[in-house]
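This report concerns one protein structure and the ligand bound to it. Please look over the sequence and the model before reading on.

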Amino acid sequence: MFFPPTILLPGPTPVPEAVEKAMLTAMSDHRGSVFTPVAQRVRQKLAATFHLPQDGRIAILPATGTGGLEASIKNFFSPGDAVLAVLTGAFGERFASIAQSTNLHLDTVVVPWGEAFDPDTLIEKCRKTPYKGILVTHNETSTSVLNPVKELGLKLHQLSSPPLLVVDSISAIPSVPFHMDQWYIDVAIAASQKGFMCPPGLAFVGASHRAIDRMPQTPSGSSYFDLKPYFAEQFPYTPAVSLWYGLDAALDLLAEEGEPARFSRHRLLSDMARGWGLTAGLVPIVESHVIASPTVTALRVTEPLTPATIRGRASDMGLQIAGGMGEWHHDAVRIGHVGYLSPAELFKGLALLSHLIPQSENALLSSWNIWHQAATPF
Ligand SMILES: *Cc1c(COP(=O)(O)O)cnc(C)c1O
């Protein structure tokens, strides 16, 4: 087709023109005079986005988010290490299975799909067992739940020897508040194709001084993803130069918008999607607004509609939304609202969906009212 699809996906997300243009920058020696200052400022701006502690380090890897998860497991843990994995959905399970494949000694807490983890339950487990690490998902993209990572970090910090807090924040940073430093997070993972408004292909791993101190000498079973040279700001291998240029431009756009505006824009997008779903009869599966994700919304689909028919019809009209994952595959669709997305763009997508779903014309009005009443219309 001549026109690109409209995408309301939790990644990949739309890419701004300034980022596309930056990615066309001519190639040069990645260790030379042209690229070196670019690399330096990208690292600095990225560290600021993570609120990386002063003595922390950040690695930029040529990988998607999952590569960042795997690098974190292999670099900060060794086979046999006792680790607590918190399973809040498909991405929590993925993190745990990576830990399993590295032969870590795994304990799990299983949280019902659609609910957030309870920090106190996790603290209790950590009091009883001296885990080396705890693996959590910040924004569980499969269920559209935002987990209370801040509360967990603050409470873990009060233990006498807390485990390393490792956070998959791939669909959260930089779209929701995140403070590696103030929340005592040891390892945080993010990726280019979500809130960073870039194409897929870069994974980011931020690490605290404490985490780096406790790194085993050699990472288990990984040499390409040995994080030490990446932390040392060397290029052990050829970086994905074009993506770095895109990220450089994207980080400038993010800074221009600023954190308060970005966070409230994502909150508004989430409220609009939830308000639309409630009136359209596609009820948001996450009931409580408090734990509802600012970047993706899972909506329950009931007979005679099915996720496949809604997505198929939308796709025929040029709109792509995501399906349910795992146990929700046949029960849900997910509307992504992350990154380079205005309320007007979301509204356009919801308008199209309203025409595909019988008796949902009023739904647009509720979405409109939420938008109209927002302090900032964006
Ligand atoms: C997108 C995502 C990932 C990583 O997926 P990739 O396809 O490897 O980039 C991991 N965790 C969460 C929570 C995600 O949203």
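The text below treats the ligand first and then turns to selected residues of the protein.

**The ligand and its surroundings**

The structure is a predicted model. The ligand is surrounded by 13 residues. The closest of these are Thr-66, Thr-141, Asp-168, Gln-193 and Lys-194. Sorted by class, the shell consists of 8 polar, 3 charged and 2 nonpolar residues.

Which protein atoms lie 2.4 Å, 2.7 Å and 2.9 Å from an oxygen atom of the ligand? The table lists them.

| Residue | Atom on the protein side | Distance to an oxygen atom of the ligand |
|---|---|---|
| Thr-141 | polar side-chain atom | 2.4 Å |
| Gln-193 | N or O atom in the side chain | 2.7 Å |
| Gly-65 | polar backbone atom | 2.9 Å |

Thr-141 and Gln-193 thus each take part through the side chain, whereas Gly-65 takes part through the backbone. Taken alone, the ligand would expose 380 Å², and the protein buries 87% of that area. Two elements give two or more residues to the shell around the ligand: helix H3, spanning residues 65-76, and helix H4, spanning residues 90-101.

**Two cysteines**

How many disulfides does a search of the whole structure find? The search finds 0. Are Cys-126 and Cys-198 buried or exposed? Cys-126 counts as buried because its relative accessibility is 8%, under the cut-off of 20%. Cys-198 has a relative accessibility of 1% and therefore also counts as buried.

**Ile-321 and Trp-368**

Ile-321 belongs to strand E12, which covers residues 319-323. Its relative accessibility is 4%, so Ile-321 counts as buried. Leaving aside residues up to four places away in sequence, Ile-321 touches Leu-8, Leu-9, Ile-310, Arg-311, Val-333, Arg-334, Ile-335 and Leu-353. Glu-233 stands 88 residues from Ile-321 along the chain, and the C-alpha atoms of these two residues are separated by 38 Å.

Trp-368 is located in helix H13, made up of residues 361-372. Why does Trp-368 count as partly exposed? The reason is that its relative accessible area is 38%, and partly exposed residues fall between the limits of 20% and 50%. From C-alpha to C-alpha, Trp-368 and Glu-140 are 27 Å apart in space, while 228 residues separate their positions in sequence.

In summary, Ile-321 in strand E12 is buried, whereas Trp-368 in helix H13 is partly exposed.

Key
Residues are numbered from 1 along each chain as its sequence is written. This is a predicted model: local features need pLDDT of at least 70, side-chain atom pairs count only at pLDDT 80 or more; totals for chains, interfaces and linings use all residues. Side-chain values use heavy atoms; hydrogens and water are left out. A residue is near a molecule or strand if one of its heavy atoms lies within 4 Å of it. A polar contact is a pair of N or O atoms within 3.5 Å; within protein, one must be able to donate a hydrogen and the other to accept it, and residues adjacent in sequence count only if both atoms are side-chain atoms. Accessible areas come from the Shrake-Rupley method with a 1.4 Å probe; for residues, only the protein chains shown count as cover. Helices (H or I, at least four residues) and strands (E, at least two) are DSSP runs, numbered from the N terminus. Ala, Val, Leu, Ile, Met, Phe, Trp, Tyr, Cys and Pro count as nonpolar, Asp, Glu, Lys and Arg as charged, and the others, Gly among them, as polar. A disulfide is a pair of cysteine sulfur atoms within 2.5 Å. Buried means under 20% relative accessible area, exposed over 50%, partly exposed in between (1.4 Å probe, protein chains only). Contact means heavy atoms within 4.5 Å.
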